[in-house]
Amino acid sequence: MKLLPYNQEGYQLLHDGSLCFSLMEQNGIRMDVAHLKHEYKNIGKEIQEKENEINVLKEIKIWKEKYKSKFNLDSDAQLADILFNELKHEAIKLTDTGNPSVDQEALKALNSPFANLILRYRKLFKIRNTYLKGLIKETYNEYLHPSINVHTTRTYRSSANSPNIQNQPTRDPEAGEVIRKAFIPREGNYLVCADYGGIEVKMACVMHQDPTMLKYLRNPTTADMHSDFACLLFKMDDIDQSIKGEKTLRAGTKNSFTFPQFYGDYYGNNAIGLWKWMGLTSKKINPKEGVKIRDDITIAQHLINNGIRNYKQFENNVKLIEEDMWKRRFPVYKQWRENQYKTYLKKGFVTTLSGFVCQGLMDKNATINYPIQGLAFHCLLWSCIQLTNKILKQRKMKTKLIFQVHDEIVADVPQEEYDDYLELLKETMVHDLLKHWSFINMPLELEVDRSELNGNWFETETVLHYIH
DNA sequence: GGAACTCGCCAC
DNA sequence: AAACGTGGCGAGTTCC
């Protein structure tokens with residue numbers, strides 16, 4: 001895969017972007033080394049405890065008898081052999097190469113003390129060996145200087161290594177706390193995290209200009225795409241996000257239907273995901289199971305009341321909503337997708353609006369997704385460059401950009417510069433970008449989270465939600 | 001002893 | 001007819 005600027009603008013973006021990121025690398029991230037070392041020991045003890053608990057189980061006896069001195073708790077191949085050959089469990093899923101899988105989903109399905117302990121052990125092992133170990137290794141004089149690359153991805157996104165600053169845990173609260181508490185601002189500073197809301201969906205829309213999607217994106221306070229699809233999928237009149245179960249259904253729709261559909265997924269996978277989000281554990285529908293919606297009834301009971309009595313019928317509804325989505329709601333978007341692929345077949349490449357060529361062997365999804373991901377990231381890259389220029393040249397501020405995660409910029413900001421920096425973010429990431437790329441014909445959203453003064457990356461609060 | 005592979009899992 | 005996009009990395013494993 002060759003990376004290739006399409007025009008002068010593309011070239012300049014990578015040139016300035018490289019310089020900007022190189023400065024970020026120099027700035028570095030302040031780390032709480034004592035915390036890292038303390039947690040490394042702490043988690044180590046927990047790992048040892050789990051090992052001890054696992055070691056007395058009957059499954060381990062069988063495992064050790066078979067593998068003798070080669071016994072290795074960290075070997076997935078051995079684990080699969082014991083579970084599926086020796087203990088005759090049924091494999092519920094296979095790996096890419098056709099072997100029985102022992103990933104999280106497969107082990108959860110076994111629902112045994114042994115499988116659950118392995119999962120717990122793995123999680124702790126990951127926190128210690130991938131994250132804590134990597135952070136300790138790469139921290140010099142209390143600062144971390146991750147490498148940021150702009151030349152490694154087919155999509156023209158960035159990547160990061162040593163360590164990968166772009167995949168630090170956050171969704172799992174336990175891992176998030178252990179790791180993100182180690183990231184701290186300089187003395188007297190805040191960590192300020194600014195991210196674009198829905199930038200990929202917006203950049204897709206910039207290209208396809210589907211009128212229905214435009215309407216959603218131009219009316220963010222009154223229209224909500226994910227709620228609308230949730231209503232169709234679950235046969236509800238509306239979604240009340242103040243009800244916990246209904247909020248979950250909306251989140252499930254977003255994560256298991258809308259976004260995967262945009263990436264090129266289909267109803268079959270979506271239905272499996274949605275079933276889990278509802279809290280249903282087997283393909284046989286159980287009216288007592290599932291999240292509670294309004295009037296305190298389960299989603300399973302609600303579906304039954306509305307004529308969906310089994311998984312197959314639910315999957316069929318997802319199929320109907322998929323058709324509705326592309327044929328009736330977003331026909332222009334659908335046509336644009338077809339045209340992307342046709343263009344590629346004819347010319348051998350597609351381009352991004354930021355000035356790059358996507359070429360090489362691509363399947364249909366790639367011709368659709370690469371230009372979207374690239375352009376979305378280039379919104380952030382452009383903002384990083386402008387922010388850096390303003391901070392250094394125009395304002396001579398002490399604020400430092402320290403890293404970036406695709407659609408989020410993290411800065412280390414002195415208390416006295418905080419108000420100015422917040423204004424700079426709004427001006428640059430929203431107003432200036434809209435002027436710079438006038439093809440962006442919809443509002444942009446900016447969310448800013450801030451740590452406490454002398455706080456850390458784990459304990460942050462939202463200080464701004466800006467739409468313009 | 002290192003390269004290349006598999007698997008699993010973290011992020012957007 | 002088939003069916004989810006982009007990365008990095010630790011550990012195990014296989015091969016040379």
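This report covers how the protein meets DNA strand C in a predicted model, then turns to one loop residue.

Local features need pLDDT of at least 70, side-chain atom pairs count only at pLDDT 80 or more, and totals for chains, interfaces and linings use all residues. Residues are numbered from 1 along each chain as its sequence is written, chains are lettered from A and ligands numbered from 1 in the order written, and side-chain values use heavy atoms, with hydrogens and water left out.

**The surface near DNA strand C**

There are 26 residues around DNA strand C. Near means that a heavy atom of the residue lies within 4 Å of the strand. S75, N129, S162, Y370 and Q373 come nearest. Of the strand atoms within 4 Å of the protein, 67% belong to sugar and phosphate.

The surface holds 15 polar, six nonpolar and five charged residues. Here Ala, Val, Leu, Ile, Met, Phe, Trp, Tyr, Cys and Pro are nonpolar, Asp, Glu, Lys and Arg are charged, and the others, Gly among them, are polar.

α6 (113–138) gives the most, with four residues. β6 (159–161), α11 (244–263) and α16 (364–394) each supply at least two. Helices (H or I, at least four residues) and strands (E, at least two) are DSSP runs, numbered from the N terminus.

Polar contacts are pairs of N or O atoms within 3.5 Å:

| Protein atom | Atom of DNA strand C | Distance |
|---|---|---|
| R154, polar backbone | phosphate oxygen | 2.9 Å |
| N369, polar side chain | sugar or linking oxygen | 3.1 Å |
| Q373, polar side chain | base nitrogen | 2.8 Å |

**H406**

H406 sits in the loop between β10 (400–404) and β11 (408–414). Beyond its neighbours within four places in sequence, H406 contacts (heavy atoms within 4.5 Å) R157, S158, Q166, F377 and L380. H406 and Q166 are 240 residues apart along the chain, yet their C-alpha atoms are separated by 7.9 Å.

Terms used: A polar contact is a pair of N or O atoms within 3.5 Å; within protein, one must be able to donate a hydrogen and the other to accept it, and residues adjacent in sequence count only if both atoms are side-chain atoms.
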